[in-house]
Amino acid sequence: MDSLAHFILALLAGMAMGLHRKHKVTYIAFISFLAVLIDLDHFLVPLGYETVYRSLHNVYITILAPSLLFLAAYYFERNTPSDRYQTFFLILTVMLAGHVIADMIYGPVKIFYPLDDRDVSLPHIDIQATNEFTSEIIGPIGIGMTTYAVIIFLGALAHDTLYHMRRKCLSGRDALKHTLKDFF
Ligand SMILES: [Zn+2]
């Protein structure tokens with residue numbers, strides 16, 4: 001997927017998480033931009049550093065690193081008035097994970113590279129209404145978008161639960177209940 005599409009998708013993911021109610025849109029746009037930066041992989045190929053673009057499109061950079069930074073920020077900010085860094089890394093994790101999922105719509109990605117070279121794809125589901133009409137009812141784009149939506153939902157759940165814990169001084173369990181009540 002092209003980098004502009006990734007930026008717009010990340011921005012929409014931020015809006016879908018309801019972030020614009022608590023954060024400035026410029027802040028959401030800034031993190032959306034950061035989530036596009038793994039596409040620097042595209043420049044490594046012509047420069048001869050990579051034969052296929054895969055250095056940054058992996059689970060370590062897109063999921064493991066930002067979620068560990070989120071947990072570290074949560075730990076260090078737990079007794080401070082700020083939740084700035086935990087929020088930042090949570091949003092970044094959602095947008096980076098969404099980026100890789102969106103890329104997987106167009107084909108497999110070596111998401112465990114360099115530890116493992118295997119190509120990983122989204123589950124291949126192709127449901128067609130009739131054999132005469134070739135457009136799918138459920139196909140790769142739908143599967144990719146659904147996976148992205150689940151990531152957004154989990155991100156929104158975590159973001160709002162943390163917000164209720166901090167602003168309303170609730171326990172994690174009560175804050176989660178409060179968030180779920182808001183959602184449903
Ligand atoms: Zn990409």
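**Stop 1: helix H1 and its surroundings**

Select helix H1, residues 3–16, in this predicted model. Its buried residues pack against three elements: helix H2 (25–36), helix H5 (84–104) and helix H6 (140–167). To see which residues these are, highlight His6, Leu9, Ala10, Leu11, Ala13 and Gly14, the buried residues of H1. The helix holds 14 residues, and from its first C-alpha to its last it reaches 20 Å, close to the 20 Å expected at 1.5 Å a residue. Move just past the end of H1 to Gly18, where phi is positive, at about 75°.

**Stop 2: the whole chain**

Now display the complete protein chain. It contains 7 helices and 2 strands. Followed from the N terminus, the elements come in the order α-α-α-α-α-β-β-α-α. The C-alpha trace spans about 55 × 45 × 30 Å along its principal axes. Of the 184 residues in the chain, 30% are buried. If one considers contacts between residues at least 6 apart in sequence, 54% of them join residues at least 24 apart.

**Stop 3: H1 against H2**

Return to H1 and add H2 to the selection. Two packed helices are described by the angle between their axes and the distance between the axes. Here the axes come within 8 Å and cross at roughly 140°; H1 and H2 are therefore oblique to each other. The crossing in which H1 passes H2 is right-handed. On the H1 side, select Ser3, His6, Phe7, Ala10, Leu11 and Gly14; they meet Ile28, Ala29, Ser32, Phe33, Ala35 and Val36 of H2. Colouring this contact by class gives 8 nonpolar residues, 4 polar residues and no charged ones. His6, Ala10, Leu11 and Gly14, which take part in the contact with H2, are also among the buried residues of H1.

**Stop 4: H4 against H5**

Next, select helix H4, residues 59–77, together with H5. The two pack at an angle of about 165°, and their axes are 8 Å apart. That angle makes H4 roughly antiparallel to H5. H4 passes H5 in a left-handed crossing. To display the contact, choose Thr62, Ile63, Pro66, Ser67, Leu69, Phe70, Ala73, Tyr74 and Glu77 from H4. From H5, choose Tyr85, Gln86, Phe89, Leu90, Leu92, Thr93, Leu96, Ala97, His99 and Val100. The residues of this contact comprise 13 nonpolar, 5 polar and 1 charged.

**Stop 5: the loop between H5 and S1**

Leave H5 and follow the loop that connects it to strand S1 (127–128); both Pro114 and Val120 are found here. Zoom in on Tyr113 and Pro114, which are joined by a cis peptide bond with omega at about 10°. Most residues other than glycine have a negative phi, and most peptide bonds are trans.

Continue to Val120. Is this residue buried or exposed? Val120 is partly exposed, because 15 other C-beta atoms lie within 10 Å, whereas a buried residue would need 20 or more and an exposed one would have 12 or fewer. Apart from neighbours within four places in sequence, Val120 is in contact with Pro108, Val109 and Ile111. To take a distance across the model, mark Val120 and Thr179: they are 59 residues apart in sequence and 33 Å apart in space, C-alpha to C-alpha.

**Stop 6: H6, H7 and the loop between them**

Finally, select H6 and helix H7 (172–183), with Cys169 in the loop between them. Phi of Cys169 is near 50°, a positive value in a residue other than glycine. Cys169 is exposed, with 9 other C-beta atoms within 10 Å.

The axes of H6 and H7 come within 8 Å, crossing at roughly 125°. That makes H6 oblique to H7. H6 passes H7 in a right-handed crossing. Which residues meet here? Leu157, Asp160, Thr161, His164 and Met165 of H6 meet Gly172, Ala175, Leu176, His178, Thr179 and Asp182 of H7. By class, the contact has 4 nonpolar, 5 polar and 2 charged residues. Thr179, which marked one end of the distance from Val120, belongs to the H7 side of this contact.

How values were computed: Residues are numbered from 1 along each chain as its sequence is written. This is a predicted model: local features need pLDDT of at least 70, side-chain atom pairs count only at pLDDT 80 or more; totals for chains, interfaces and linings use all residues. Helices (H or I, at least four residues) and strands (E, at least two) are DSSP runs, numbered from the N terminus. The expected span of a helix is 1.5 Å times one less than its number of residues. Two residues are in contact if their C-beta atoms, placed from the backbone, lie within 7 Å. Axes are lines fitted to C-alpha atoms, for helices over the stretch in contact, and angles run from 0 to 180 degrees between N-to-C directions. Angles under 35 degrees count as roughly parallel, over 145 as roughly antiparallel, 65 to 115 as roughly perpendicular and the rest as oblique. A crossing is left-handed if the near helix is turned anticlockwise from the far one by less than a right angle, and right-handed if clockwise. Ala, Val, Leu, Ile, Met, Phe, Trp, Tyr, Cys and Pro count as nonpolar, Asp, Glu, Lys and Arg as charged, and the others, Gly among them, as polar.
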